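Here are my notes on the model you sent. Please read them with the sequence and the coordinates open.

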Amino acid sequence: MPPWRLFSASVLIAGAFLLTSPAMSMELYDGKLAFDVMRGDKPIGRHVITFREVGDETHVDIEVSLQVKFGFLTVFRYDHSNREVWRDGRLVSVTTDTDDNGKPFEVRAENKVDGFHVQTLAEESVLPIAVIPTSYWNPEILKNLSWFDTQRGILLEIDLEEGAIEPVVLASGQSI
């Protein structure tokens, strides 16, 4: 499993405890969440989420940059840039550019009257209007079993199973 997927699951779990709405997240974090991404005990990158109010919209900018090295050789690189625009708690648009170890992905998506219109490098599609993106900061993701994959521009159907509750230790040393 790529390191970013493991990290994403951790962010999702932490987000479930820490965030309750896009507006609240700006208040709690002064407009920014930043994480070091670790592989074992070694840092391999950063995940930064920035929130800005622009008129009646909330703009969420997400930057993920990962690099795994073996000596001087880079064996894995992942760069993801994502802009989400939200209005009244609804996703208006998503624009992403991703380099997944040399494989490019682009997503341009916009909510319209008849659905969420998605354009990728490979295809066009129309998804349900009320999609929740896989950017992992929004706790609404926990209430949905259909997630919009912001890297590939597809709808993911999620199958949840009850598991053990594990503590997450924050950088401050606090365990939640």
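1. Asp97 has a relative accessibility of 34%, so it counts as partly exposed, the class between the 20% and 50% limits. This is a predicted model, and the values below should be read as such. The partner of Asp97 is Arg108, and their side chains form a salt bridge with an N to O distance of 3.0 Å. Arg108 likewise has a relative accessible area of 34% and is partly exposed. The contact links distant parts of the chain: Asp97 lies in strand β5 and Arg108 in strand β6 (residues 103–112), 11 residues apart.

2. Salt bridges with shared partners connect Arg52, Asp61 and Arg83 into one network. Within it, Arg83 and Asp61 form a salt bridge whose closest N and O atoms are 2.5 Å apart. Arg83 sits in strand β4 and Asp61 in strand β3 (residues 57–70), with a separation of 22 residues along the chain.

3. Is each member of the Arg83 and Asp61 pair buried or exposed? Asp61 has a relative accessible area of 17%, which is under the 20% limit, so this residue is buried. Arg83, at 32%, is partly exposed.

4. A further salt bridge joins the side chains of Asp36 and Arg46, at 2.7 Å from N to O. Asp36 belongs to strand β1 and Arg46 to strand β2 (residues 42–54), and the two are 10 residues apart. Both ends are partly exposed: Asp36 has a relative accessibility of 48%, and Arg46 has a relative accessible area of 37%. The pairs described in these points are among the nine salt bridges that the structure holds.

5. The strands named above belong to an open sheet of eight, ordered β1-β2-β3-β4-β5-β6-β7-β8, with antiparallel pairing. The edges are taken by β1 (32–39) and β8 (124–127); each has a single partner strand, so one side of each lacks a neighbour in the sheet. From one strand to the next, the twist averages 15°. As background, strands of a sheet pair through backbone hydrogen bonds, in either a parallel or an antiparallel sense.

6. For one pairing in detail, take strands β4 (residues 73–87) and β5 (residues 90–100), which run antiparallel and are paired over 10 bridges. Which residue of β5 does Asn82 stand opposite? It is Thr96. Strand β4 also holds Arg83, and strand β5 also holds Asp97, so these two strands carry residues from the salt bridges in points 1 and 2.

Key:
Residues are numbered from 1 along each chain as its sequence is written. This is a predicted model: local features need pLDDT of at least 70, side-chain atom pairs count only at pLDDT 80 or more; totals for chains, interfaces and linings use all residues. Side-chain values use heavy atoms; hydrogens and water are left out. Two strands pair if DSSP finds at least two bridges between them. Helices (H or I, at least four residues) and strands (E, at least two) are DSSP runs, numbered from the N terminus. Axes are lines fitted to C-alpha atoms, for helices over the stretch in contact, and angles run from 0 to 180 degrees between N-to-C directions. A salt bridge is a side-chain nitrogen of Lys or Arg within 4 Å of a carboxyl oxygen of Asp or Glu. Buried means under 20% relative accessible area, exposed over 50%, partly exposed in between (1.4 Å probe, protein chains only).
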